[in-house]
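Colleague: I've got this model open and keep coming back to one spot in the middle of it. Could you take me through that part slowly?

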Amino acid sequence: TVWRHYAQEHNFQTFCHFVNWEDFVAQDAYELAKDAIAFVDIRYGNSKHDGLDIARALRKLGVNRVYAITSDGEAATSSGLFDKVFGKEIPDESVFENLVVG
């Protein structure tokens, strides 16, 4: 998946992976969000919560960067919630060349 590829290319350590917001809440994972980097599939159908609402909640919890994974790039971009918008397919390496992560 795109987030795994991106994380691997940038030597991120994947600390946790939640399939949906309900799992995140059920595991009381709020403390994990502070200073984290999150990838949110904004149209993922396995949650009753919209990815845009999840991104808003993650920002309030202190997530450092929020990246969108979506086939609806326009919705993700126009929301203003995401630091970067990725498509569903793994992009070629040139996508990552100008991205600054800090």
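Does Val-40 count as buried or exposed, and why? I'd like a close look at it and at the strands around it.

Modeller: Sure. One thing first: this is a predicted model. The mean pLDDT is 79, and 79% of the residues score at least 70. Confidence varies along the chain: among the elements, helix H5 (residues 73–79) has the highest mean pLDDT, 91, and helix H6 (residues 94–97) the lowest, 53.

Now to your residue. Val-40 counts as buried, because its relative accessibility is 7%, and the cut-off for buried is under 20%. Val-40 sits in strand E1, which covers residues 37–41.

What does Val-40 touch once you skip the neighbours within four places in sequence? The list is Gly-51, Ile-54, Leu-58, Val-66, Tyr-67, Ala-68, Ile-69 and Phe-82. Take Tyr-67 from that list: Tyr-67 is 27 residues away from Val-40 along the chain, yet their C-alpha atoms are 6.2 Å apart. That kind of long-range pairing shows up in the totals for the protein too. Of the contacts with a separation of 6 or more, 60% are between residues 24 or more positions apart.

Let's zoom out to the sheet. The protein has 6 helices and 3 strands, and from the N terminus the elements go α-α-α-β-α-β-α-β-α. Those 3 strands make an open sheet in the order E1-E2-E3, with parallel pairing. E1 and E3 (84–86) are at the edges with a single partner strand each, so each has one side without a neighbour in the sheet. On average, neighbouring strands are turned by 25° against each other, ignoring direction. Helix H4 (residues 51–61) packs on this sheet and touches E1 and E2, with its direction at about 165° to that of E1.

How is your strand joined to its partner? There are 5 bridges between E1 and E2, which run parallel. One pair to look up is Asp-41 in E1 with Ile-69, its bridge partner in E2. On the other flank, E2 (residues 65–69) and E3 also run parallel, joined by 3 bridges. There, Ala-68 stands opposite Val-85 of E3.

E2 deserves a stop of its own. With 5 of its 5 residues buried, E2 is largely enclosed by the rest of the structure. In a regular strand, side chains alternate between the two faces of the sheet. Here, Arg-65, Tyr-67 and Ile-69 point one way from E2, while Val-66 and Ala-68 point the other way, and all of them are buried. For scale, 34% of the 102 residues in the protein count as buried.

Follow the chain out of E2 and you get to Thr-70, in the loop between E2 and H5. Thr-70 is buried as well, because its relative accessible area is 4%. Its side chain reaches the backbone nitrogen of Asp-72 at 2.8 Å. Leaving out residues up to four places away in sequence, Thr-70 touches Ile-42, Arg-43, Ala-76, Val-85, Phe-86, Gly-87 and Lys-88.

There's a similar side-chain-to-backbone contact earlier in the chain. Asn-20, in the loop between helix H1 (2–9) and H2, reaches the backbone nitrogen of Glu-22 with its side chain at 3.2 Å. Asn-20 counts as buried because its relative accessible area is 15%. Beyond four places in sequence, Asn-20 touches Asn-46 and Ser-47.

Finally, check the loops on the way into E1. Most residues other than glycine have a negative phi. Asp-35, in the loop between H3 and E1, has a positive phi near 65°. Further back, Asp-28 lies in the loop between helix H2 (21–26) and helix H3 (30–33), and its phi is positive too, at about 50°. Asp-35 counts as exposed because its relative accessible area is 56%, and Asp-28 is exposed with a relative accessibility of 56%.

So, back to your spot: Val-40 is a buried residue in an edge strand, in contact with residues that include Ile-54 and Tyr-67.

Definitions and conventions: Residues numbered from 1 in each chain as written. Predicted model: local features only at pLDDT ≥ 70, side-chain atom pairs only at ≥ 80, totals over all residues. Heavy atoms only, no water. Helix = DSSP H or I, 4+ residues; strand = E, 2+ residues; numbered from the N terminus. Buried < 20%, exposed > 50% of the residue type's maximum accessible area, 1.4 Å probe, protein only. Contact = heavy atoms within 4.5 Å. Pairing = 2+ DSSP bridges. Axes fitted to C-alpha atoms, helices over the stretch in contact; angles between N-to-C directions. Polar contact = N/O pair within 3.5 Å; in protein donor to acceptor, adjacent residues only side chain to side chain. pLDDT = per-residue confidence, 0-100.
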